[in-house]
Every structure is written in structure tokens, then in C-alpha cells.
Amino acid sequence: KSLGFDTGNSVTPVIPIIIGEDELTFRFWRELFDHGVFVNPVISPATAPGRQLLRTSYMATHTQAQLEKVLDIFGQVGKKVGII
């Protein structure tokens, strides 16, 4: 959230990054994938139209360094594709 992403109201290890458009969701997903970050794109009908998102999930085995690296990549890619 502090990077400027809409993460909804999740309080679980599954955190959505709400995008809102199919094309932008897939563009963001692909850019993350190309940078070594795997997330799941979710579009309608799996979510309401206008609520397309990337589904991220985290585990206790992720290190602080891994999480910081992923946040850095999310920030870079989010700016590149115009989400933040």
C-alpha cells in the first residue's frame, strides 16, 4: 500500500493488487514475470468487472531480503506500466 497500490482490505497472506483492466493486468503480470516475480492474474468472471487484479501470496519462509526485492520490483514495474 505504501508504494501506492490498491490492495483492498486483505488481512491474509493473499494480498490482491487491484488493477481494474484486463490488458493492464496482463501487462503488469508479464513485466513482473520477466523480472522473476510470479503472481496470478485474475480477471472477470473470476472477479467482478473493473476489479481485475494480481493475486500475490506470501509465506513465513520468505526472507526479509526476498520481500524487499519483490517490493522493489513491484515499485519499478508499477511505475513503468503506469499503475503507480
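The exercises below, each with a worked solution, deal with a predicted model.

In this predicted model, local features need pLDDT of at least 70 and side-chain atom pairs count only at pLDDT 80 or more, while totals for chains, interfaces and linings use all residues. Residues are numbered from 1 along each chain as its sequence is written, and side-chain values use heavy atoms, with hydrogens and water left out.

**Exercise 1. The length of the helices**

Compare the span of helix 1 and of helix 2 with the expected value.

Step 1. Helices (H or I, at least four residues) and strands (E, at least two) are DSSP runs, numbered from the N terminus. The expected span of a helix is 1.5 Å times one less than its number of residues.

Step 2. Helix 1 covers residues 22-34, which makes 13 residues. From first to last C-alpha it reaches 18 Å, close to the expected 18 Å.

Step 3. Helix 2 has 17 residues and should span 24 Å at 1.5 Å a residue. Its end C-alpha atoms are 24 Å apart, which agrees.

Step 4. Look at what follows each helix. Helix 1 is followed by G36, with a positive phi near 90°. Just after helix 2 comes G82, with a positive phi of about 85°. Most residues other than glycine have a negative phi.

**Exercise 2. The buried side of helix 1**

Which residues of helix 1 are buried, and what do they pack against?

Step 1. Apply the cut-offs: buried means under 20% relative accessible area, exposed over 50%, and partly exposed in between (1.4 Å probe, protein chains only).

Step 2. The buried residues of helix 1 are L24, T25, F28, E31 and L32. They cover an arc of only 135° around the axis, so they are on the same side of helix 1. The arc is that of the directions from the helix axis to the C-beta atoms.

Step 3. These buried residues pack against strand 1 (14-18), strand 2 (40-42), strand 3 (53-57) and helix 2 (64-80). Contact means heavy atoms within 4.5 Å.

**Exercise 3. The sheet**

What is the strand order of the open sheet, and which strands are at the edges?

Step 1. Two strands pair if DSSP finds at least two bridges between them. Strand 1 and strand 3 are antiparallel and share five bridges; strand 2 and strand 3 are also antiparallel, over three bridges.

Step 2. The order of the three strands is 1-3-2. Strand 1 and strand 2 are the edge strands, each pairing on one side only. The twist averages 30° from one strand to the next.

Step 3. Find bridge partners in strand 3. I17 is partnered by L54 and I18 by L53. L53 is also the bridge partner of V42.

Step 4. Add the helix. Helix 1 packs on the sheet, touching strand 1, strand 2 and strand 3, and its direction makes about 35° with that of strand 3. Axes are lines fitted to C-alpha atoms, for helices over the stretch in contact, and angles run from 0 to 180 degrees between N-to-C directions.

**Exercise 4. The core**

Which residues touch the most other members of the largest nonpolar core?

Step 1. A nonpolar core is a set of buried Ala, Val, Leu, Ile, Met, Phe, Trp, Tyr and Cys residues joined through side-chain atoms within 4.5 Å.

Step 2. The largest core has 13 residues, and I17, F28, L32, L54 and F74 touch the most other members. Helix 1 and helix 2 are the elements that give two or more residues to this core.

Step 3. Take F28. Apart from residues up to four places away in sequence, it touches F5, I17, I19, L54, F74, V77, G78, V81 and I83.

Step 4. Turn to G78, in helix 2. G78 is buried, because its relative accessibility is 0%. Beyond four places in sequence, G78 is in contact with F5, F28, I83 and I84.

**Exercise 5. Two prolines in a loop**

Where is P45, and is P49 buried or exposed?

Step 1. P45 is in the loop between strand 2 and strand 3. The peptide bond from S44 to P45 is cis, with omega near 15°. Most peptide bonds are trans.

Step 2. P49 is found in the loop between strand 2 and strand 3. Its relative accessibility is 67%, so P49 counts as exposed.
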